[in-house]
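User: Please take a close look at a single strand of this model and at the contacts around it. I should like one connected account.

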Amino acid sequence: VQLQASGGGLVQAGGYLRLSCAASGRTFGRYAMGWFRQAPGKEREFVAAARWSGDSTDYADSVKGRFTISRDNAKNMVVLQMNSLKPEDTAVYYCAARPSMVVPRLGYDYWGQGTLVTVSS
């Protein structure tokens, strides 16, 4: 599976951004999809994930209620809608994939190249 993330940019606090991740590969529908982020000087952290069917999702506490992950298996696409952005959301965001029937936070095998999100105060 090859992943291509896009949609990052500069936004003011309180604003929104929509990140997209396009996936290649015919078995996309059997992969759990996740979003992770890495802020300057910090370790990469889990943000959100969706089950292969899209019917189950998981979010980090820091983004719960503000971010929404969704997927369109017909288009091999996963989206992270980010609302009410805060300066602490500033990071490089990565999409990731792994074969799974659940919604994992760890063990992702495939990674996109990352897209930078900057939230100004």
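Analyst: Glutamine 38 stands opposite valine 92 in strand β9, and this strand is a suitable place to begin. The model is predicted, so local features need pLDDT of at least 70 and side-chain atom pairs count only at pLDDT 80 or more, while totals for chains, interfaces and linings use all residues. Residues are numbered from 1 along each chain as its sequence is written, and side-chain values use heavy atoms, with hydrogens and water left out.

Strand β9 covers residues 91-99; strands here are DSSP runs (E, at least two residues), and helices are such runs of H or I with at least four, numbered from the N terminus. Two strands pair if DSSP finds at least two bridges between them. Strand β4 (residues 31-38) is an antiparallel partner of β9, with eight bridges. Strand β11 (residues 115-120) also pairs with β9 in the antiparallel sense, over three bridges, and tyrosine 93 stands opposite threonine 115 there. Strand β10 (residues 110-111) runs antiparallel to β9 and is joined to it by two bridges; alanine 97 has tyrosine 110 as its bridge partner in β10.

Strand β9 also carries one end of a disulfide, a term used for cysteine sulfur atoms within 2.5 Å. A search of the whole structure finds one. Its sulfur atoms, from cysteine 21 and cysteine 95, are 2.1 Å apart. The bond links distant parts of the chain, since cysteine 21 lies in strand β3 (residues 17-23) and cysteine 95 in β9, 74 residues apart. The torsion about the S-S bond of these cysteines is about 60°, so the disulfide is right-handed. Buried means under 20% relative accessible area, exposed over 50%, and partly exposed in between (1.4 Å probe, protein chains only). Cysteine 21 is buried at 0%, and cysteine 95 is likewise buried at 0%.

The strands that pair with β9 bring in aromatic contacts. Rings of Phe, Tyr and Trp (its six-membered ring) pair if their centres lie within 6.5 Å; planes under 30 degrees apart are stacked, over 60 edge-to-face, and the rest tilted. By this rule there are five aromatic pairs. One of them is edge-to-face: tyrosine 31 and tyrosine 110, with centres 6.0 Å apart and planes at 65°. This pair joins strand β4 to strand β10, across 79 residues. Tyrosine 31 is buried at 10% relative accessible area, whereas tyrosine 110 is partly exposed at 30%.
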